[in-house]
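Here's a quick briefing to read alongside the coordinates. Have the viewer open and follow along.

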Amino acid sequence: MTALPRNSAWPADRVAEARAIIADAAHHSDQLLRLACTVLATHGESAAERADARRLQLVIDARRPIARAQREDQGRAAQ
């Protein structure tokens with residue numbers, strides 16, 4: 001497997017798509033947001049953008065167990 005050069009069109013297209021996904025985060029799944037964060041953390045234009053993407057990914061990962069616990073609690077309440 002060969003790595004794409006940083007100046008290829010692929011990262012620019014994916015970075016633009018990742019920005020759009022994060023901008024409309026309320027309408028996208030955590031899995032898609034996590035993928036967008038990975039793209040921006042790797043290919044973001046500035047150090048600040050890359051750091052923000054890593055922070056957002058930590059927030060998404062941190063809330064996952066809470067959401068799972070809430071679903072389990074709702075399942076027990078229905079029984």
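Is Ile-22 buried, partly exposed or exposed? Ile-22 comes out as partly exposed, since its relative accessible area is 21% and buried means under 20%. Bear in mind that this is a predicted model. The protein chain has 3 helices and 0 strands, so reading from the N terminus on gives α-α-α.

**Overall picture**

- The protein chain has 79 residues, and 22% of them count as buried.
- Take the contacts in the protein chain with a separation of 6 or more: 40% of those come from residues 24 or more positions apart.
- Helix H1 covers residues 9-23, while helix H2 spans 30-43 and helix H3 spans 47-78.

**How H1 meets H2**

- The axes of H1 and H2 are 9 Å apart, and the two pack at an angle of about 135°.
- H1 is therefore oblique to H2, as that angle lies outside the ranges for roughly parallel (under 35 degrees), roughly perpendicular (65 to 115) and roughly antiparallel (over 145).
- The crossing in which H1 passes H2 is left-handed.
- On the H1 side, the contact is made by Trp-10, Pro-11, Arg-14, Val-15, Ala-18, Arg-19, Ile-21 and Ile-22.
- H2 brings Leu-32, Leu-33, Ala-36, Cys-37, Val-39, Leu-40 and His-43 to the contact.
- Sorted by type, the residues of the contact of H1 with H2 come to 12 nonpolar, 1 polar and 2 charged.

**Ile-22 up close**

- Ile-22 sits in helix H1.
- Leaving aside residues up to four places away in sequence, Ile-22 touches Leu-33, Ala-36, Cys-37, Leu-40 and Leu-56.
- Leu-56 is 34 residues from Ile-22 in sequence, yet the C-alpha to C-alpha distance between them is 9.3 Å.

**Salt bridges**

- The count comes to 6 salt bridges, and three of the pairs, Arg-14 with Glu-17, Arg-19 with Glu-45 and Arg-34 with Asp-61, are walked through here.
- Arg-14 pairs with Glu-17, and their closest N and O atoms are 3.2 Å apart.
- Both Arg-14 and Glu-17 belong to helix H1, where they are 3 residues apart, or about one turn of the helix.
- Arg-14 is partly exposed because its relative accessibility is 31%, and Glu-17 is partly exposed too, at 41%.
- Arg-19 and Glu-45 form a salt bridge through their side chains, with an N to O distance of 3.5 Å.
- That pair ties together distant parts of the chain, 26 residues apart: Arg-19 is in helix H1, and Glu-45 is in the loop between helix H2 and helix H3.
- Arg-19 counts as partly exposed at 31% relative accessibility, whereas Glu-45 is exposed because its relative accessible area is 69% and the exposed class begins over 50%.
- Arg-34 and Asp-61 also meet through their side chains, with N to O at 2.6 Å.
- The Arg-34 and Asp-61 pair links distant parts of the chain as well, running from helix H2 to helix H3 across 27 residues.
- Asp-61 is partly exposed, with a relative accessibility of 35%.
- Arg-19, Glu-45 and Glu-49 are joined into one network by salt bridges that share partners.

**Two residues of H2: Arg-34 and Gln-31**

- Arg-34 is found in helix H2, and so is Gln-31.
- Why does Arg-34 count as buried? Arg-34 has a relative accessible area of 18%, and buried means under 20%.
- Not counting residues up to four places away in sequence, Arg-34 touches Gln-57, Ile-60, Asp-61 and Arg-64.
- Asp-61 therefore turns up twice for Arg-34, among the residues Arg-34 touches and as its salt-bridge partner.
- Gln-31, by contrast, counts as exposed because its relative accessibility is 63%, and the cut-off for exposed is over 50%.
- Gln-31 and Ile-60 are 29 residues apart in sequence, and their C-alpha atoms are 9.0 Å apart in space.

Conventions:
Residues are numbered from 1 along each chain as its sequence is written. This is a predicted model: local features need pLDDT of at least 70, side-chain atom pairs count only at pLDDT 80 or more; totals for chains, interfaces and linings use all residues. Side-chain values use heavy atoms; hydrogens and water are left out. A salt bridge is a side-chain nitrogen of Lys or Arg within 4 Å of a carboxyl oxygen of Asp or Glu. Helices (H or I, at least four residues) and strands (E, at least two) are DSSP runs, numbered from the N terminus. Buried means under 20% relative accessible area, exposed over 50%, partly exposed in between (1.4 Å probe, protein chains only). Axes are lines fitted to C-alpha atoms, for helices over the stretch in contact, and angles run from 0 to 180 degrees between N-to-C directions. A crossing is left-handed if the near helix is turned anticlockwise from the far one by less than a right angle, and right-handed if clockwise. Contact means heavy atoms within 4.5 Å. Ala, Val, Leu, Ile, Met, Phe, Trp, Tyr, Cys and Pro count as nonpolar, Asp, Glu, Lys and Arg as charged, and the others, Gly among them, as polar.
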